[in-house]
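Got your viewer open and a selection tool at hand? Let's take a walk through this chain, one stop at a time.

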Amino acid sequence: MNPRQLTPHRGCAIRCISGGCPPVFLVRQKDGPPLYFLLVSADGKPVNQQVLNLVAEPLQITGEVIRQGDLRILRADPATYRRVGDKG
């Protein structure tokens, strides 16, 4: 799946993630190529159902990045994901 604008992308992404495709977190850098991170829980388990309400939203996620070859995996508790602009 190739992330695009929020509204059209959101519906498609929710269906894919609900069906078992792992969610991916896109980081757009100012001076560099975009980075993609496979999202998993802090203990490495799928987070599909926990992230459905956050799909295609700008987020701040703090966690541990693990590399497996070219794949970047971001391990973080979905309860700690924060929408950018949220207070709290």
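**First stop: a pair in the sheet**

Select L39 and L74 to begin: L74, in strand 5, is the bridge partner of L39. Keep in mind along the way that you're looking at a predicted model.

Now widen the selection to residues 35-40, which make up strand 2, and add strand 5; these two run parallel and pair over 3 bridges. Strands of a sheet can pair in a parallel or an antiparallel way, through hydrogen bonds of the backbone.

**Zoom out to the whole chain**

Show everything as a cartoon. What comes up from the N terminus on? The elements go α-β-β-α-β-β-β-β, a total of 2 helices and 6 strands.

Switch on a surface if you like. About 6100 Å² of the chain is exposed, and 53% of that comes from carbon and sulfur atoms. Of the 88 residues in the chain, 27% are buried. Turning to contacts with a separation of 6 or more, residues 24 or more positions apart make 57% of them.

**The sheet, strand by strand**

Next, colour the sheet. In what order do its 4 strands lie? The order is 1-2-5-4, in an open sheet with mixed pairing. At the edges you'll find strand 1 (24-27) and strand 4 (64-68), each of which pairs on one side only. Look along the sheet and you can follow its twist, which averages 35 degrees from one strand to the next.

**The hairpin**

Select residues 71-75, which are strand 5, together with strand 4: here the pairing is antiparallel, over 5 bridges. The two strands form a hairpin with 2 residues between them. Click on G69 in that turn, and you'll see a positive phi of about 65 degrees.

Two facing pairs are worth labelling. Q68 stands opposite L71 of strand 5, and R67 stands opposite R72 of the same strand 5.

Stay on R72 and show its side chain plus that of F37. The charged end of R72 sits over the F37 ring, 6.0 Å from the ring's centre. What about rings paired with other rings? The count of aromatic pairs is 0, going by a rule that asks for ring centres within 6.5 Å.

**R75 in strand 5**

Move along to R75, also in strand 5. Is R75 buried or partly exposed? R75 counts as partly exposed, because its relative accessibility is 25% and the partly exposed class lies between 20% and 50%.

Bring up what surrounds R75. Leaving out residues up to four places away in sequence, R75 touches V40, S41, A42, D43, G44, G63, E64 and I66. Pick E64 from that group: E64 and R75 are 11 residues apart in sequence, with their C-alpha atoms 5.1 Å apart in space.

**F25 in strand 1**

Head over to the edge strand 1 and select F25. At 15% relative accessibility F25 is buried, so show its contacts as sticks: beyond its neighbours within four places in sequence, F25 is in contact with L35, Y36, F37, L39, L59, I61 and L74. Notice two familiar names there, L39 and L74, the bridge partners from the opening stop.

Now draw a distance from F25 to A56. These two are 31 residues apart in sequence, and 9.1 Å apart from C-alpha to C-alpha.

**A loop with a surprise**

That distance has brought you to A56, in the loop between helix 2 (48-51) and strand 3 (59-60). What is its phi? A56 has a positive phi of about 65 degrees, although A56 is not a glycine. Most residues other than glycine have a negative phi. A56 is partly exposed, with a relative accessible area of 21%.

The last stop, L52, is in the loop between helix 2 and strand 3 too. L52 is buried, with a relative accessible area of 18%. Which residues does L52 contact, setting aside its neighbours within four places in sequence? They are R10, I14, I17 and S18.

Finish by drawing a line from L52 to I17: their C-alpha atoms are separated by 7.4 Å, while the two residues are 35 apart along the chain.

Technical notes:
Residues numbered from 1 in each chain as written. Predicted model: local features only at pLDDT ≥ 70, side-chain atom pairs only at ≥ 80, totals over all residues. Heavy atoms only, no water. Phe/Tyr/Trp six-rings, centres within 6.5 Å; stacked < 30°, edge-to-face > 60°. Lys NZ or Arg CZ within 6 Å of the ring centre and 35° of its normal. Pairing = 2+ DSSP bridges. Axes fitted to C-alpha atoms, helices over the stretch in contact; angles between N-to-C directions. Buried < 20%, exposed > 50% of the residue type's maximum accessible area, 1.4 Å probe, protein only. Contact = heavy atoms within 4.5 Å. Areas by Shrake-Rupley, 256 points an atom, 1.4 Å probe, with all protein chains shown as cover.
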